[in-house]
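Trainee: Hey, got a minute to walk me through this one? I'm new to it.
Mentor: Sure, have a look first.

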Amino acid sequence: MNRLNDKVAIITGGAAGIGLATAKRFVAEGAKVMLVDVQADALDQAVKSLGSDVAASCVADVTQDEQVAAYVRATMERFGRLDILFNNAGIEGAVEYLLNYPLDMFDRVMAVNVRGVWLGLQHAIPEMLKTGGGSIICTSSLAGLKGARKASAYIASKHAVVGLVKSVSMEYAAKNIRINAINPGPISTRMIAALETALSPGDANRAHQQMEASVPMRRYGSPDEVAGLVLFLASDESSYCTGTCFSVDGGMNAS
Ligand SMILES: NC(=O)c1ccc[n+]([C@@H]2O[C@H](COP(=O)([O-])OP(=O)(O)OC[C@H]3O[C@@H](n4cnc5c(N)ncnc54)[C@H](O)[C@@H]3O)[C@@H](O)[C@H]2O)c1
């Protein structure tokens, strides 16, 4: 298990869900990881479980330019290089029709899901240029490929992630920095549970069953199933892949 031997990765949203599952996979494959999140206690626990020789953490809000600069700086100070950025922190926002959607929530969703990803690219790429390349994986969503009712801000933000990946990948492809998007369908994390509650207040199980029924594979994915795709994109096995979207969605994007 050494597909990421000697590589150093930053994982935003690394304290939970898809980010934490990916951290476990990365460490198992020989990488050192810097976990970035707003949840300090969960970060401490994650580092403890991964091992403080191979994992470290930085409390940072990905929407803040100086905090993004700080998490990249902390990575260089601790591990000396940067090969992989998993640009993954995100929030779901409100479940509301456009006319009822709170403006401040729209702004927050765009800040975390778009500005956070853009800042990650801006601060990580200079470090990768110094060592001749790297791999960046940005978490979009099935919602970055398709529309849906009552999720306009989230859907716009995840489409924007695809736009960032397509444009910035062209700027750095010749410099050996690969940038790809992943597009998960429903994955069993806090986020999908929150969406179920918002969609079906008082009976989240109803929303769960409806959502599962809409997946061709008839089940949610696990964070580890997403981590497997991220690992492929982070590793040299995907050395000719850049600027594109990779679905991990139980077949949902096929229809
Ligand atoms: N779970 C799904 O069904 C699903 C589907 C498609 C895409 N996604 C995307 O996957 C990514 C990970 O989500 P998840 O499902 O693991 O949910 P999650 O809520 O378990 O994890 C998200 C993490 O991001 C962190 N975070 C939120 N705002 C932050 C900020 N401003 N700065 C730093 N960290 C911040 C949270 O504290 C949390 O630990 C998100 O971008 C989400 O949009 C999730």
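Mentor: One term up front: domain bounds here come from an automatic or database domain assignment. Also, this is a predicted model, where local features need pLDDT of at least 70 and side-chain atom pairs count only at pLDDT 80 or more, while totals for chains, interfaces and linings use all residues. Residues are numbered from 1 along each chain as its sequence is written.

Trainee: OK, which domains does the assignment give?
Mentor: Domain 1 (8–185 + 222–248) and domain 2 (187–220). Their C-alpha centres lie 23 Å apart. The contact takes ten residues from each of domain 1 and domain 2, with contact meaning C-beta atoms, placed from the backbone, within 7 Å.

Trainee: And where does the ligand lie?
Mentor: Between the two domains, because both give residues to the shell around the ligand.

Trainee: Which residues come nearest to the ligand?
Mentor: Gly-13, Gly-17, Gly-90, Ser-141 and Thr-189, of 28 around the ligand. A residue is near if its C-beta atom, placed from the backbone, lies within 6 Å.

Trainee: Which elements give two or more residues to that shell?
Mentor: Helix H1 (17–28), helix H4 (103–130) and helix H6 (190–199). Helices (H or I, at least four residues) and strands (E, at least two) are DSSP runs, numbered from the N terminus.

Trainee: Switching topic: how many residues does helix H5 have?
Mentor: Helix H5 (residues 152–172) has 21 residues and reaches 30 Å from its first C-alpha to its last, close to the 30 Å expected at 1.5 Å a residue. That expected span is 1.5 Å times one less than the number of residues.

How values were computed:
Contact = placed C-beta atoms within 7 Å.
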